[in-house]
Structure formats: structure tokens, C-alpha cells
Amino acid sequence: MILLDIAKFKLIAFTCLCAMFCTISEAKNENATLVLLVGLPGSGKGTIGQLYEKHGWKHFSLGDELREALKNQNPIALKYERQIKDGAFLPDHVINDLIWSKILHQDNLQHKIILDGYPRNVSQAELFLKKLDETGMYNKTKVLFFDVGIMKSIDRICTRRVCTNCKKIDTSNVKICKNCFTPLSTRESDSMNKITTRFGNFIHNTLPSFFLLKDKCKHVYIIDANAKTKKVYFQIRKLLK
Ligand SMILES: [Zn+2]
């Protein structure tokens, strides 16, 4: 009889513990948000992502992740060194693996994440939609399209300098990073001959993938990205409340 009571007590204690853990995990998950930034090179996605990072969001830029992997001599990144430096597309399996095993894994999906540069084509977008369902992130995902004029975006690309240390993007013509005082440099992929290819890729591959997301996702918004950073930030802040 006593043994039975002890077993019952253990079962109740275990149930309570499970309930407690579930509540904690659900409560944590309530804040989970995934925001995708889609737009031409130079539309300001990276700058906005960095601003959100300062406000406690986890920010990932696919381009930065690839350049970082290259810097760290990752064998796969080394294999695609030329494509990474040119800002060209890598095979889907490489990108999908990086995104779903290193960036959008379950631990990160418990947080507020802002992701810039993925999906880059329809096949990646199809997998993305499937994964949203599997991970329960479907209703927690927002897609922001940065609508910018081509001349505006070219102008930004021509003036932008990047810090190789802290990744800060600067378009104010200074030579030293205001954040960490490292000399700023230009990205190889921002040269004019690379930019025309990147624009072509965006129009032929990324834009159709955005239209697919627009059809399937609940929360899709167009941002006026011609405006100054502060104004763009306030447009987005209203949407992410
Ligand atoms: Zn810096």
C-alpha cells in the first residue's frame, strides 16, 4: 500500500514537473519570431538587421555567414570561395544545410530572429515553407520586402564600406569603423561588374521566390526602403509589435 502511494506520488511529481517545463518552454516560445528580409543588394537589409541586433534580436545575414566561414577556412566555403567573393549563388544543398543546421535550428527558433538573404530562389523557398510547417513557425514568420529604386540601391552600394571585424555597414564616406575603429573596406561583390550579375539573379530567382512566399505566408509586408534608415526602422517597428 505504502509502495503504491510512493509510486503515485512519484507519478504526480513527474506530471507536475512536465507541466512546469511545458509552460516554461511555451512561454519562451511565445516570443519566437522569424523575420525574413528580402530585397535588392543595397536595399538596406543589412543595416536594419544590425539595428535589430542592437535591440536584442538574433541577426543572421547569409552573405556574412558565408564570408565568415571562408575567413575561418571552412572546407566547404573554400570550395566555393570564388562564388562567395562574387556574391554569386551556391548550390541549394549547401545553403539549405547552412540555414537549417547552423542558423534556423530549434534553439535559435525559440528567439526573435531576423534573417537576411534567404531564400534566394524558388526551390529554397519551397523547402523553407515546408520547414515552417514542421517547426511550428508558420504563424510566427513575417516577410518584409525592401522596395527600393535601382538607382538608389546602386548609389548605396557605391558608397558602402564594411568593417571586416564587427561587420558594421557604413555609407557615410568615412574610412574607419565608428564601432571598433578597424579600417573599413569594400566588398569584392560590390564592384559594378558583379552587381549587374547579382541584380539579374535577384530578378530571375529571388523575386519569384518572394512571390511564392507572398502567396503562402500570412504576414508579408512591403517596406519603403528608399527612405532613410531611421524611417525604415520605424515602419518595421510598427509591423513587428
Ligand atoms: Zn567595426
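Start with one rung of the ladder: F145 has I222 in β8 as its bridge partner. This is a predicted model, and that pair is a handy way into its five-stranded sheet. Strand β4 (residues 141–147) and strand β8 (residues 219–224) run parallel to each other and share six bridges. Another of the pairings here puts K142 opposite H219 in β8.

Now look across to the other side of β4. There, strand β1 (residues 33–39) pairs with β4, again in the parallel sense and again over six bridges. K142 turns up once more, as the β4 bridge partner of V35. So what is the order of the strands in this open sheet? Reading across, you get β2-β3-β1-β4-β8, with parallel pairing. The edges are β2 and β8, each of which pairs on one side only. From strand to neighbouring strand, the average turn is 20°, direction ignored. As for β4, five of its seven residues are buried, and the strand is mostly covered.

Next, helix α2 (residues 45–54). Which of its residues are buried? They are K45, G46, I48, G49, Q50 and Y52. The cover over them comes from several elements, including the sheet strands β1, β2 (58–61), β3 (112–116) and β4. β6 and α10 (229–239) also help to cover them. Just past the end of α2, G56 takes a positive phi of about 95°.

There's a second open sheet to find, this one with three strands in the order β6-β5-β7 and antiparallel pairing. Its edge strands are β6 (169–170) and β7 (184–185), which each pair on one side only. Strand β5 (residues 161–163) is joined to β7 by two bridges, the two strands running antiparallel. In that pairing, V162 stands opposite S185 of β7.

On to a pair of helices. Helix α7 (residues 122–135) and helix α9 (residues 192–216) have axes that come within 8 Å and cross at roughly 25°. Angles under 35 degrees count as roughly parallel, so that is what α7 is with respect to α9. The crossing of α7 past α9 is right-handed. On the α7 side, the contact is made by V122, Q124, A125 and L129, and they meet P208, S209, L212, L213 and K216 of α9. By class, that contact comes to six nonpolar, two polar and one charged residues.

Finally, some backbone oddities. Most residues other than glycine have a negative phi, and most peptide bonds are trans. What kind of peptide bond joins Y118 and P119? A cis one, with omega at about -5°. P119 sits in the loop between β3 and α7.

Then come two non-glycine residues with positive phi. Q73 has a phi near 60° and lies in the loop between α3 (62–71) and α4 (75–79). K167 has a phi of about 75°, and its place is in the loop between β5 and β6, back in the antiparallel sheet's neighbourhood of the chain. Is each of these buried or exposed? Q73 counts as exposed because it has 8 C-beta neighbours inside 10 Å, while K167 counts as buried because it has 20 inside 10 Å.

Methods
Residues numbered from 1 in each chain as written. Predicted model: local features only at pLDDT ≥ 70, side-chain atom pairs only at ≥ 80, totals over all residues. Axes fitted to C-alpha atoms, helices over the stretch in contact; angles between N-to-C directions. Helix = DSSP H or I, 4+ residues; strand = E, 2+ residues; numbered from the N terminus. Parallel < 35°, antiparallel > 145°, perpendicular 65-115°, else oblique. Left-handed = near helix turned anticlockwise from the far one by under 90°. Contact = placed C-beta atoms within 7 Å. Nonpolar A, V, L, I, M, F, W, Y, C, P; charged D, E, K, R; others polar. Pairing = 2+ DSSP bridges. Buried ≥ 20, exposed ≤ 12 C-beta atoms within 10 Å, placed from the backbone.
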